[in-house]
Structure formats: structure tokens, C-alpha cells
Amino acid sequence: MRRRKLKNTLSTVILGFALLVTALFLITFLVHMFYKGSMVLSWEFLTSVPRNSMTEGGIWPALVGTFLLTVLAVAFALPLGVMTAIWLTHYGKPAWLISILRVAINSLAGTPSIIFGLFGMAVFVNIMGMDVSVLAGGLTLAILALPVIINNTEEAIRTVPHEFTEASLALGATTRQTITRVVLPTALPNILTGAILSIGRVAGETAPIMFTAATFYSRKLPTSLTDEVMALPYHIYALMTEGTHPDKQVPIAYGTALVLLLMVLLVSATAIYLRYLFRRKKQW
Amino acid sequence: MKTLKEKLFQYITYLAALFTILCMLAIIFGIFREGLPLFRVVSLKQFIFTNNWYPTHAEPAFGALALIVGSLAVTLGALLIAVPLGLGSAIFISEIAGSKLREAIKPIIELLAGIPSVVYGLFGMAFLAPLVRQWFNLDTGLNVFSASIILGVMIVPIISSLSEDALSSVPSNIREASMALGATRSETIFRAVVPAARNGILCSVLLGFGRAVGETMVVLMVAGGAANIPTSIFEPTRPITSTIAAEMGETVVGDLHYQSLFALAILLFLITLATNLIAELVFSNRRR
């Protein structure tokens, strides 16, 4: 009996140790990023353009670029994803088409992001002639975000109680009216939190925009959708691996990384918090 | 009028669903179209089983064995770190921690899963690699070991959140029955709960594998980039993904080098597709 008790205590300690090691590593990571990043972070860093071949100045063009890419990606993926989820939950015929769609969604979700980048480069940039541009990068990121948005929307729609749709249909509303006036408004908070979570995901992606949208060095802001842009994630990579003054570039990379990290964490935390609020307020 | 609107709405959602399928088909078509022509010059066997990646030489050679081994090496290393940590954390959160701790940790795990990989790459390159170089007295800290650590920590959230879901969906009467037979908590966990959640846990490991093998930025920045088969974990390597990312900029559209990188993408795609399909099979087994 004593041996069994000892074993019990020991395994509890080991399991707790796994959690502790993970937590310690992540805390080291976050503290290090905040410490190094905050040394260069300033208002000027955020709002000025890079100078002196990336060894001085700020990240304003990269901030704008990431904003544009993200907005464009979500603007494409959200309507498409929501419509696909509606078909999946309310029309969904024939059944074999649903199976194919499910395989497509799961495969899209599991495909490595570099493959999206290659696809975007081959199809949008080369075949369709969009050049390396905000448009090509935004479309590539949109396909990447699509499975996330479809899955979230489907889940949101499925949490709408059956009584709601049945009551609406019993009152003589058509399927379309039921979807647009009952189901979507009820599911909207959850659909939106899903969309916000996908923003966080899209903003941090590097591999898909490497060959479709991003440029290492640009002093001016893009003026049209066919211009190439700087973007925060690619900027970090470029500062760390290209250029000739690592001593000056690495601190800027840390600053950029902290900005990206804060943005992504804040956006996702907002979404998670909103979801928590909606769940608590839910009255059905 | 009313029926026309109905039909139109239904038709639009139908088109959206078809378009989603089309996206997947377009990706497959896109990479195969650009990558398959390579195999007119290089045989599939040569491509996968020979170790000589010299795409830019006057007599170019496209034997990707070292890249494939590199991918597998960092991925296995990552799993060796992530499975014990992720699974251990998941068991602790689901079976030992109180509900308050659980409610606090779950959103944190979700947040961590969203940290951009390029930030981990920067951390690995500027913080971990110099330490590893010092500790083990190496020429470079950018190697299989460092890449595995960073990659491993990156996939811990995936493995732990999915395993935690699997563990907490084990019905509580299994735990109660085990306890009632006089088993200690650890016996209950390892002989009753974990076996019952086995398929879900396996699924989480498979998805972690898929994520790690396809991850680009971390290995590109931290694995070192030498296209040799590593003989020890402290040697640099060059996985499939970082080869594609590092060399694509040097290619001319349509040349052999360009095609070979797309051929690597096909290989990578098939690996992740197979992983996903297996995971799905395992998962649907669980539901049955």
C-alpha cells in the first residue's frame, strides 16, 4: 500500500512538472520578448519609416502592410466562409457533396502555410499576373483563413437552438428568412469572435506572403492593390537573415516582434473574452 | 418573387460551398502543374532516395533525401519534447487540477497557440541558439537540437488542448468505477482514463506531427540550413519547408530548380494529407 501511495504521489508530481516546464519556458519566452522589445519601442518607432537601409527608423510601412493584408484576407474569406457554413448546415444536399466539402475543409486546414505561399505565387502572381502585391497576398491569406472561418461559423450556427428555427418556420417564414432573420442574428456574436480569432492567425503568417506580397525594404506606403508591401512578420525574418548590420538590425527585429506579438495576443484575447461574455449572457 | 429570392439565396450558398472545394482543388492542381514536370528529368526514386541536393550546379542534382531526413529529424525531436509536456499538462489539467485552474488555463493555451511562428523563430535564433552553442561547446547553435526545442514548445498547445478535450470527454463513471475498486488516482488515470481517451490522444499527436512537419519559419531560422543528413542532433540540417522558402527567391519561373521546389511541396502536401486522413480515421473510430 505504501508503494502504491508513493507511486501515486510521484506520478502527480511528474505530471505537474510537465505543466511547470511548459509554463516556465513560455514565461521565459514572453519576458525575454517584452524586455528586448520594449527597449526600442516608442511612438517614433511605430510611426516612422525605415532609414539607412533598415538599420534605423521605424516600422510604419510594415504596420500598414500587415493591416491591409489582414483586412483584405478577412474581407474575402468571411462572406465566403459564412455562406459555405450556411449551405453546410441548412441546405447540404446531396450528401456526397457534403463529404467532399468536409474533406476539402479538413485538408485546407491541415495544409502547411508554405504551400499556400507557393500556390499563391504560381497562380495569383504568375498565371493571373497580379505580380507580388497586396492583392495576391491578401487572396492567399484568405484561402488560409477560409477553413478556420467555416468551422467557427458552422459551430456558431449549430449552437442556435432548434426551437428557434422551428418556431420561425412554423410562423410561415421561408428557409432564407429563417436563416437571415433568426439564425444569423443569434449566431452573430460567435461568428464574429471566430472572425477575430482568424485575424490574429492571418496577421502573424509569414510563409504565405513571402513570395506573394512582401518586400524587404520600402520607404513609401502602397498606393494601390497591385503594389508590394512590407509586413511585420516578414520584416522580422528579413531583419534577422538579410542585411549587413546585425548589431543594429536585431534590436529592430525584437521591437517589431513585440509589436506583432502584442497585436496578435490582444486581438485573440479580445475574441476569447467576448466569447466568454456572450456565453454568460446567453439566455437559452 | 418570393420563391425566386429563396432559390437565389440557396444558389449563392451552394456556389460558396463549391468555391471552397475549388480552392482545395486549385491548390492541388497548382502545385502539381508546376512540380510534376521535374519527374521528366529526375526519377521519383532518385528524388526521394538519393542524397545530393545541388540544384544550382552546372550539372544540377535533385536528390532530396537529406531534406526529407532533416524534416523527419526536427519533427521527431519536436514530438519527443511536445508529447510528454503536452500530454502531461493535459492530464494534470483534466484529472488533477481543480475546475478554477482549468478555466484559467484553457484560454491561455488558446492564446499561446496563436503566437506567430516567426516570433518563435526570432527567439530561437537570438536567444536559444547562442545558449545551446555555449552549453555544448559547438560551432553553431543553429541545429536539429535547437529547432526541435522551439518547434516542440510551439506544438505543445495543440497536443495539450486536443488531448485535454479527449480526456475530459471520458465519462466520469469510468473514473468512479476505478476508484470504487480501490485504485489510487494515478492508477485510475493511467489504467482507466488514458486508455479510454487513447484515440483522441493519438489524434492530437498526429495533428501535432502534421503541424511540425509543415512549419516553415522556425526551421528556416533555427535549423541551420546545411543540406546534409545530420549525424548528430547538434548538426545543422535543412528540412523540406526551409529549402522551399530559402531557395524560391533564387529560381526563375519554370526552370528545373523552380520545378524541384514545387516537387518538394507535392511531397510535403502528400505527407500532411496522409497524416490528416489517418487522424480523421482514428477520430471517427472514437466516435463509433
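Visitor: What makes the crossing of H7(A) and H8(A) right-handed?
Guide: It comes down to the turn of the near helix against the far one: clockwise counts as right-handed, anticlockwise by less than a right angle as left-handed. H7(A) passes H8(A) in a right-handed crossing, so the turn here is clockwise. This is a predicted model, so local features need pLDDT of at least 70 and side-chain atom pairs 80 or more, while totals for chains, interfaces and linings use all residues. Residues are numbered from 1 along each chain as its sequence is written, and chains are lettered from A and ligands numbered from 1 in the order in which they are written.

Visitor: Why are H7(A) and H8(A) called roughly antiparallel?
Guide: Helix H7 (residues 162-170) of chain A and helix H8 (residues 175-203) of chain A pack at about 160 degrees, with axes 10 Å apart. Axes are lines fitted to C-alpha atoms, for helices over the stretch in contact, and angles run from 0 to 180 degrees between N-to-C directions. Under 35 degrees counts as roughly parallel, over 145 as roughly antiparallel, 65 to 115 as roughly perpendicular, and the rest as oblique. About 160 degrees is over 145, so the pair is roughly antiparallel.

Visitor: Which residues of H7(A) and H8(A) meet?
Guide: A:Phe164, A:Thr165, A:Ser168 and A:Leu169 in H7(A) meet A:Thr178, A:Val182, A:Val183 and A:Thr186 in H8(A). Contact means C-beta atoms, placed from the backbone, within 7 Å. By class, this contact has four nonpolar, four polar and no charged residues. Ala, Val, Leu, Ile, Met, Phe, Trp, Tyr, Cys and Pro are nonpolar, Asp, Glu, Lys and Arg charged, and the others, Gly among them, polar.

Visitor: Why does A:Asp131 count as partly exposed?
Guide: A residue is buried with 20 or more other C-beta atoms within 10 Å of its own, exposed with 12 or fewer, and partly exposed in between, with C-beta atoms placed from the backbone. A:Asp131 has 15, so it falls in between. Its phi is positive, about 60 degrees, although it is not a glycine. You'll find A:Asp131 in the loop between H5 (113-127) and H6 (134-158) of chain A.

Visitor: And what makes B:Asn137 exposed?
Guide: B:Asn137 has 7 C-beta neighbours inside 10 Å, so it counts as exposed. Phi of B:Asn137 is positive too, near 55 degrees. This residue sits in the loop between H5 (117-135) and H6 (144-168) of chain B.

Visitor: How do you know that the bond from A:Lys93 to A:Pro94 is cis?
Guide: Look at omega: it is near -10 degrees for that peptide bond, which is given as cis. A:Pro94 lies in the loop between H3 (60-91) and H4 (95-110) of chain A.

Visitor: Where do chains A and B touch?
Guide: 71 residues of chain A are in contact with 64 residues of chain B. On the chain A side, helix H1 (residues 2-38) gives the most, with 18 residues. That side has 46 nonpolar, 20 polar and five charged residues.

Visitor: What makes up chain B?
Guide: Twelve helices and two strands. These are DSSP runs, numbered from the N terminus: helices are H or I of at least four residues, strands E of at least two. Buried residues make up 49% of the 288 residues in chain B. The C-alpha trace of chain B spans about 75 × 75 × 35 Å along its principal axes.

Technical notes:
Two residues are in contact if their C-beta atoms, placed from the backbone, lie within 7 Å.
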